[in-house]
Amino acid sequence: QDEPYYNICSNLVSEGKLPYLDFFYQHMPLMVYFYSMNFAEGLASLIVGKIISVILLFLTGIVISEFLKIVNIKKSYILLFLILYFFNSFLLDWLTIIRVYSISTILFVLALLSFYKVCVDDFRASSLFVTGFLFSLTSLSKIVFAGNLILLVLFLILFYRKIFTFKSVIY
């Protein structure tokens with residue numbers, strides 16, 4: 001497992017060291033800064049990191065179920081989603097360990113929710129800023145998500161003037 005390595009890297013960040021410069025770190029930097037808060041509060045352990053990952057797993061499920069309510073999905077389907085989500089062996093295996101997956105997943109879901117709200121309800125500059133910021137944080141957690149930020153910018157360039165007609169297509 002990589003958890004002890006990530007834990008040590010988070011500890012080094014909490015001591016003021018910089019990833020890439022003061023120690024070897026092969027991933028995007030958001031995760032070690034996020035988990036370094038444990039060490040700053042004196043909660044340095046693998047158990048606390050796992051608890052934070054589990055909390056992020058549950059928050060992601062709640063955010064997705066709230067999104068399903070926004071788009072008027074039946075309550076029985078939302079309940080089925082929650083059952084499948086929380087008993088999915090892949091999620092329980094990958095999102096409950098101290099790695100980047102739990103952070104990047106919740107940030108990506110929040111970015112998609114914000115993007116949906118921009119397209120459907122609220123096309124303001126501040127809402128666009130929040131959407132772009134969430135996509136940027138997602139990219140800082142896992143570089144694979146940087147492509148989504150590029151797609152967001154392309155979408156806005158191509159559909160800026162048609163956004164309100166896009167709203168009618170969704171409904």
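By the rule used here, a side-chain nitrogen of Lys or Arg within 4 Å of a carboxyl oxygen of Asp or Glu, the count comes to one salt bridge. That makes a handy place to start a walk through this model, which is a predicted one. The partners are Lys 69 and Glu 66, whose side chains meet at 3.2 Å, N to O. Why can these two side chains meet? Lys 69 and Glu 66 are three residues apart in helix H3, so about one helical turn separates them. An α-helix has 3.6 residues a turn, so residues three or four places apart point the same way. Neither partner is buried: Lys 69 is partly exposed at 46% relative accessibility, and Glu 66 is partly exposed too, with a relative accessible area of 37%.

Let us step back to the whole chain. The protein has nine helices and zero strands, and read along the sequence it follows the pattern α-α-α-α-α-α-α-α-α. Of its 171 residues, 38% are buried. About 10,200 Å² is exposed, and carbon and sulfur atoms supply 72% of that area. If you take the contacts between residues at least 6 apart in sequence, 59% of them join residues at least 24 apart.

How much confidence does the predictor place in all this? The protein averages a pLDDT of 79, and 85% of the residues score at least 70. Among the elements, helix H4 (residues 75-86) has the highest mean pLDDT, 88, while helix H9 (residues 163-170) has the lowest, 49. Where pLDDT is low, the predicted coordinates should not be read in detail.

Now return to helix H3, which spans residues 46-70. Besides the salt bridge, there is a nonpolar patch on the surface to look at, formed by Ile 47, Ile 51, Ile 55, Leu 59 and Ile 62. Together these side chains make up about 460 Å² of accessible area. Ile 51 is a good member to pick out: it lies in H3 and is partly exposed, with a relative accessible area of 46%. Patch residues must have over 30% relative accessible area, so Ile 51, at 46%, clears that cut-off.

From H3 you can cross to helix H6 by way of Ile 106. This residue sits in H6 and is buried, with a relative accessible area of 10%. Which residues does Ile 106 touch, leaving aside neighbours within four places in sequence? The answer is Leu 56, Leu 59 and Thr 60. Leu 59 is therefore worth a second glance, as one of the residues of the nonpolar patch that is also in contact with buried Ile 106. The C-alpha atoms of Ile 106 and Leu 56 are separated by 6.8 Å, although the two residues are 50 apart along the chain.

Helix H6 itself covers residues 101-120, 20 residues in total. From its first C-alpha to its last it reaches 28 Å, close to the 28 Å expected at 1.5 Å a residue. Is H6 enclosed or open to the outside? With 14 of its 20 residues buried, H6 is largely enclosed by the rest of the structure.

Another view of this region comes from Ser 141, found in helix H7. Ser 141 is buried, at 2% relative accessibility. Not counting residues up to four places away in sequence, Ser 141 touches Met 28, Leu 30, Val 100, Ile 103, Ser 104 and Leu 107. Ser 104 turns up again in a pairing with Ile 143: the two are 39 residues apart in sequence and 9.8 Å apart in space, C-alpha to C-alpha. Ile 143 lies in the loop between helix H7 (125-141) and helix H8 (146-159), and at 53% relative accessibility it counts as exposed.

Two further loop residues round off the tour. Val 71 is found in the loop between H3 and H4 and is partly exposed, with a relative accessible area of 27%. Val 71 and Tyr 116 are 45 residues apart in sequence and 9.9 Å apart in space, C-alpha to C-alpha. Tyr 20, in the loop between helix H1 (3-14) and helix H2 (30-40), has a phi near 75 degrees, a positive value in a residue other than glycine. Tyr 20 is also partly exposed, with a relative accessible area of 47%.

Definitions and conventions:
Residues numbered from 1 in each chain as written. Predicted model: local features only at pLDDT ≥ 70, side-chain atom pairs only at ≥ 80, totals over all residues. Heavy atoms only, no water. Patch = residues over 30% accessible without salt bridge, like charges linked within 9 Å, V, L, I, M, F, W, Y side chains within 5 Å. Areas by Shrake-Rupley, 256 points an atom, 1.4 Å probe, with all protein chains shown as cover. Helix = DSSP H or I, 4+ residues; strand = E, 2+ residues; numbered from the N terminus. Buried < 20%, exposed > 50% of the residue type's maximum accessible area, 1.4 Å probe, protein only. Expected span 1.5 Å × (residues − 1). Contact = heavy atoms within 4.5 Å. pLDDT = per-residue confidence, 0-100.
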